[in-house]
Amino acid sequence: MSAAAEDEWEGPYAYPMPPPGGWTADDLDRIPGLPPHTELIDGGLFFMSPQTDFHMATLRLLENALAGAAPDTLYVVREMTTKLGKRDRPEPDLMVVPYSARTGSRQTWYDPKDVILAVEVVSEDSEQRDREVKPRKYAGARIRHFWRVEENGGLPVVYVYELDPATNSYAVTGIHHHRLELTEPFPVDIDLTAVNRRPPVAPPPEETTSAE
């Protein structure tokens, strides 16, 4: 692809036209042709940019660690939406919900009352939403635990928040470099430096020979 082709977009994009008053949370399941991972914030549609390697690797590390540490009664959800209200349906990178909150194979969203933990890995194109808008809305929906994950020198830094029920806002309980060790909402111990580490390769099975 030429440099000119990379720098210039000859479109056009085919954006869906919003109805009077803007889109609603239920519209996400009805609008044809939406890109994957479309979010609704304040009645507006937001589309995801291509995922970076850091985002993918961090998400995989946290998802696997949470899935391994969570009690059997809990379920780790990746890149699905939560319906916070009529005009808000964001898509956290990860959520932890009760296993009983699953309603079937065609489920597309979770009720915020079922979300125990929401996790956002900050992307360059969504910094303001991930740092300011979404945490405020998650707190307003009374999601008790929230993690915001930033990149520093190629490694994840996890900012851990817990809901203050008196103010209905988040209070930071820790900023974690290199290792994330917590007891709430359940015990976890995550080596954050493992984000770029290749998993060990299992040795091939030993060959056995039959006795002559």
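Contact here means heavy atoms within 4.5 Å. All views below are drawn from a predicted model.

**Figure 1. Surroundings of tyrosine 159 in strand β9 of the predicted model.** Setting aside residues up to four places away in sequence, tyrosine 159 touches Phe146, Trp147, Arg148, Glu150, Gly174 and Ile175. Its position along the chain is 12 residues from tryptophan 147, yet the two C-alpha atoms are 5.6 Å apart in space. Tyrosine 159 has a bridge partner in β10, namely isoleucine 175. On the side of β8, arginine 148 stands opposite tyrosine 159. Arginine 148 also lies over the face of the tyrosine 159 ring, at 4.2 Å from the ring centre. With a relative accessibility of 21%, tyrosine 159 counts as partly exposed, because the buried class is confined to values under 20%.

**Figure 2. Aromatic cluster formed by Tyr138, Phe146, Tyr161 and Tyr170.** The structure holds five aromatic pairs. In one of them, the rings of phenylalanine 146 and tyrosine 161 have centres 5.7 Å apart and planes at 35 degrees, so the pair is tilted. Phenylalanine 146 belongs to strand β8 (residues 145-152) and tyrosine 161 to strand β9 (residues 155-164), so this pair ties together parts that are 15 residues apart in sequence. Phenylalanine 146 and tyrosine 170 make a further pair, with ring centres 5.6 Å apart and planes at 20 degrees, so these rings are stacked. This second pair links distant parts of the chain, since phenylalanine 146 lies in β8 and tyrosine 170 in strand β10 (residues 169-177), 24 residues apart. Phenylalanine 146 is buried, at a relative accessible area of 1%. Tyrosine 161 also counts as buried, at 15%, as does tyrosine 170, at 17%.

**Figure 3. Strand β8 and its pairing with β7 and β9.** Strand β7 (residues 117-121) runs parallel to β8, and five bridges join the two. Within this pairing, valine 119 has tryptophan 147 of β8 as its bridge partner. Together with helix α3 (residues 127-140), strands β7 and β8 make a right-handed β-α-β unit. The pairing of β8 with β9 is antiparallel and extends over eight bridges. Six of the eight residues of β8 are buried, so the strand is largely enclosed by the rest of the structure.

**Figure 4. Hairpin turns on either end of strand β9.** The hairpin of β8 and β9 has two residues between its strands. In its turn, glycine 153 has a positive phi of about 65 degrees. Strand β9 is further joined to β10 by eight bridges, and these strands run antiparallel. The hairpin of β9 and β10 has four residues between the strands. There, asparagine 168 takes a positive phi near 55 degrees.

**Figure 5. Proline 90 in the loop between β4 (81-82) and β5 (94-98).** Despite its place in a loop, proline 90 counts as buried, with a relative accessibility of 1%. Apart from neighbours within four places in sequence, proline 90 is in contact with Glu39, Leu40, Ile41, Met80, Thr81, Thr82, Leu84, Lys134 and Tyr138. Among these contacts is Tyr138, a member of the aromatic cluster with Phe146, Tyr161 and Tyr170. Proline 90 and aspartate 42 are 48 residues apart along the chain, and their C-alpha atoms are separated by 9.8 Å.

**Figure 6. Arginine 102 over the ring of tyrosine 75, with the overall content of the chain.** The charged end of arginine 102 sits over the tyrosine 75 ring, 4.2 Å from the ring centre. The protein chain as a whole comprises three helices and 12 strands. Of its 212 residues, 40% count as buried. Among contacts with a separation of 6 or more, 51% are between residues 24 or more positions apart. The accessible surface of the protein chain comes to about 13,000 Å², and carbon and sulfur atoms account for 51% of that area.

Notes. Residues are numbered from 1 along each chain as its sequence is written. This is a predicted model: local features need pLDDT of at least 70, side-chain atom pairs count only at pLDDT 80 or more; totals for chains, interfaces and linings use all residues. Side-chain values use heavy atoms; hydrogens and water are left out. Rings of Phe, Tyr and Trp (its six-membered ring) pair if their centres lie within 6.5 Å; planes under 30 degrees apart count as stacked, over 60 as edge-to-face and the rest as tilted. Buried means under 20% relative accessible area, exposed over 50%, partly exposed in between (1.4 Å probe, protein chains only). A charge sits over a ring if NZ of Lys or CZ of Arg is within 6 Å of the ring centre and within 35 degrees of the ring normal. Two strands pair if DSSP finds at least two bridges between them. A crossover is right-handed if, with the strands pointing away from the viewer, the path from the first strand over the helix to the second runs clockwise. Accessible areas come from the Shrake-Rupley method with a 1.4 Å probe; for residues, only the protein chains shown count as cover.
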